[in-house]
Amino acid sequence: MKNVYEYKDEHLGRCYLVIPKIRELSKALGNVVITFDNGDKRSLMVDNPDEVISELLEALENYHNRS
């Protein structure tokens, strides 16, 4: 799996997240909330937040198992 996750935001267009920089994932009000290792947070408005969280968790596990 790639180290970059790509998604489409209805306001910002295509966005990219660097998987190794993610520290925390959560779901709030139907959005996926991502906290990065520098403390920044981003809220993603996605159609299926549970699916996105699963994909990101799988990518994180794969990255850390490779290292």
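In which strand is the place of N31? Strand β4 is where N31 is found, and this strand serves below as a guide through the fold. The model is a predicted one, in which local features need pLDDT of at least 70 and side-chain atom pairs count only at pLDDT 80 or more, while totals for chains, interfaces and linings use all residues. Residues are numbered from 1 along each chain as its sequence is written, and side-chain values use heavy atoms, with hydrogens and water left out.

The protein holds one helix and five strands, where helices (H or I, at least four residues) and strands (E, at least two) are DSSP runs numbered from the N terminus. Read from the N terminus, the order of the elements is β-β-β-β-β-α. Along the principal axes, the C-alpha atoms occupy a box of roughly 35 × 20 × 20 Å. The radius of gyration is 11 Å, which agrees with the value near 11 Å for a compact globule of 67 residues; the radius is taken over C-alpha atoms, and the globule rule is 2.2 Å times the number of residues to the power 0.38. Of the 67 residues, 33% count as buried, meaning under 20% relative accessible area, with exposed set at over 50% and partly exposed in between (1.4 Å probe, protein chains only). About 4800 Å² is exposed by the protein, and carbon and sulfur atoms supply 46% of this area; accessible areas come from the Shrake-Rupley method with a 1.4 Å probe, and for residues only the protein chains shown count as cover.

Turning to the sheet, three strands form an open arrangement in the order β3-β4-β5, with antiparallel pairing; two strands pair if DSSP finds at least two bridges between them. The edges are formed by β3 and β5, each of which pairs on one side only. On average, neighbouring strands of this sheet are turned by 20° against each other, direction ignored. Helix α1 (residues 49-66) packs on the sheet and touches β3 and β4, its direction making about 165° with that of β3. Such axes are lines fitted to C-alpha atoms, for helices over the stretch in contact, and angles run from 0 to 180 degrees between N-to-C directions; contact means heavy atoms within 4.5 Å.

A closer look at β4 and β5 follows. Strand β4 (residues 31-36) is joined by four bridges to strand β5 (residues 41-44), and the two run antiparallel. Within this pairing, V32 stands opposite L44 in β5, and K41 in β5 is the bridge partner of T35. The hairpin of β4 and β5 has four residues between the strands, and G39 takes a positive phi near 95° there.

Individual residues fill in the picture. L29, found in the loop between β3 (22-28) and β4, has a positive phi of about 55° although it is not a glycine. This leucine counts as exposed because its relative accessibility is 89%. In β4, N31 is buried, with a relative accessible area of 19%; not counting residues up to four places away in sequence, N31 touches S26, S43, L44 and M45. T35, also a β4 residue, is buried with a relative accessible area of 8%. Leaving aside neighbours within four places in sequence, the contacts of T35 are K21, I22, R23, E24, D40 and K41.
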